[in-house]
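Visitor: I would like to learn how to read the helix packing of a structure, one feature at a time. Could you take me through it?

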Amino acid sequence: MKAEFTPEQLLQRAASIDKQIEKWAGNPGYAETLRMEAWSLRTAAALFSPEIQDWLEGARLEAGHQVIRFAAEHDTGKTAWDWFWLIGYLAQKAATAAAVGDVDKAKHHTISTAAALLNWHRHLSGSSREMRPGVDSVERGIETENAS
């Protein structure tokens, strides 16, 4: 799934809404609605912005991003081996990036690997079965063949 707007555009819109909130101080209900909209825009920007400095925060955000991008509407037949191969694939991407000196990409892939482990843990514990490894995004209809 691709975000319709860039994280920067989402943050600019949130800042614009913050200015409107001041104008609506006399209407607390509407001002609160605007605050919630600004919060949701900032949250969306965070989910679509890879975090590479704070590993724990990055893993948490990336896990949410993975759920959005690889959600399982009908998660049946997925095995532990699907999770195993996904995690191995992501770890291999981290190793490859590190080997060629792309430290930022390597850090991102260590975080995406951790996020996949978090989603697997959630799946095993039954707290969430929203992510579905091994299902192509084109097959699911959320991206086209030409999407990057």
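Guide: What follows is a walk through this predicted model, from the overall make-up to single helices, helix pairs and residues.

Visitor: How many helices and strands are there in the protein, and in what order do the elements run from the N terminus?

Guide: A first step is to list the secondary structure. Here the protein has six helices and zero strands, and read from the N terminus the elements follow one another as α-α-α-α-α-α.

Visitor: What share of the residues counts as buried, and what share of the contacts with a separation of 6 or more joins residues 24 or more positions apart?

Guide: These two totals describe the chain as a whole. Of its 148 residues, 32% count as buried, and among the contacts with a separation of 6 or more, 73% are between residues that lie 24 or more positions apart.

Visitor: Turning to a single helix, how far does α3 reach from its first C-alpha to its last, and what would be expected?

Guide: The general idea is to compare the span with the rise per residue. Helix α3, residues 55–69, has 15 residues and reaches 20 Å from first to last C-alpha, which is close to the 21 Å expected at 1.5 Å a residue. At the start of this helix, a side-chain oxygen of Asp54 comes to within 3.3 Å of the backbone nitrogen of Leu56.

Visitor: Which residues of α3 are buried, and against which helices do they pack?

Guide: The buried set consists of Gly58, Ala59, Leu61, Glu62, Ala63, His65, Gln66 and Val67. As for their partners, the buried residues of α3 pack against α2 (28–47), α4 (80–99) and α5 (103–125).

Visitor: For a pair of helices, what do the angle and the distance between axes tell me, taking α1 and α2 as the case?

Guide: The angle gives the relative direction, and an angle over 145 degrees counts as roughly antiparallel. Helix α1 (residues 7–23) packs with α2 at an angle of about 165°, their axes being 8 Å apart, and α1 is therefore roughly antiparallel to α2. The crossing of these two helices is left-handed. On the side of α1, the residues making the contact include Leu10, Leu11, Ala14, Ile17 and Ile21, while those of α2 include Leu34, Ala38, Leu41 and Ala45.

Visitor: Is Glu8 buried or exposed, and how far is its C-alpha from that of Ala45?

Guide: Glu8 belongs to helix α1, and because its relative accessibility is 51%, Glu8 counts as exposed. Its C-alpha is separated from that of Ala45 by 7.3 Å, although the two residues are 37 apart along the chain.

Visitor: How do α4 and α5 cross, and what is the handedness of that crossing?

Guide: The reading proceeds as before. The axes of α4 and α5 come within 7 Å and cross at roughly 165°, so that α4 is roughly antiparallel to α5, and α4 passes α5 in a left-handed crossing. Among the residues that meet are Trp83, Ile87, Leu90 and Ala94 in α4, and His109, Ser112, Thr113, Leu117 and Trp120 in α5.

Visitor: Which residues does Ile87 touch, leaving out those up to four places away in sequence?

Guide: Ile87 lies in helix α4 and counts as buried because its relative accessibility is 12%. With such sequence neighbours set aside, Ile87 touches Thr113, Ala116, Leu117 and Trp120. Its C-alpha is 9.8 Å from that of Thr110, a residue 23 positions apart from it in sequence.

Visitor: On the α5 side, what are the contacts of His109 and of Ser112?

Guide: His109, in helix α5, is buried because its relative accessible area is 8%, and beyond its neighbours within four places in sequence it is in contact with Leu90, Lys93 and Ala94. Ser112, also placed in helix α5, counts as buried because its relative accessibility is 4%. Beyond residues up to four places away in sequence, Ser112 touches Glu62, Gln66 and Leu90.

Visitor: At what angle do α3 and α5 cross, and which residues make the contact?

Guide: The axes of α3 and α5 come within 8 Å and cross at roughly 65°, and α3 passes α5 in a right-handed crossing. The contact is made by residues including Gly58, Ala59, Glu62, Ala63 and Gln66 of α3, together with residues including Ile111, Ser112, Ala115 and Asn119 of α5.

Methods:
Residues are numbered from 1 along each chain as its sequence is written. This is a predicted model: local features need pLDDT of at least 70, side-chain atom pairs count only at pLDDT 80 or more; totals for chains, interfaces and linings use all residues. Side-chain values use heavy atoms; hydrogens and water are left out. Helices (H or I, at least four residues) and strands (E, at least two) are DSSP runs, numbered from the N terminus. The expected span of a helix is 1.5 Å times one less than its number of residues. Buried means under 20% relative accessible area, exposed over 50%, partly exposed in between (1.4 Å probe, protein chains only). Contact means heavy atoms within 4.5 Å. A polar contact is a pair of N or O atoms within 3.5 Å; within protein, one must be able to donate a hydrogen and the other to accept it, and residues adjacent in sequence count only if both atoms are side-chain atoms. Axes are lines fitted to C-alpha atoms, for helices over the stretch in contact, and angles run from 0 to 180 degrees between N-to-C directions. Angles under 35 degrees count as roughly parallel, over 145 as roughly antiparallel, 65 to 115 as roughly perpendicular and the rest as oblique. A crossing is left-handed if the near helix is turned anticlockwise from the far one by less than a right angle, and right-handed if clockwise.
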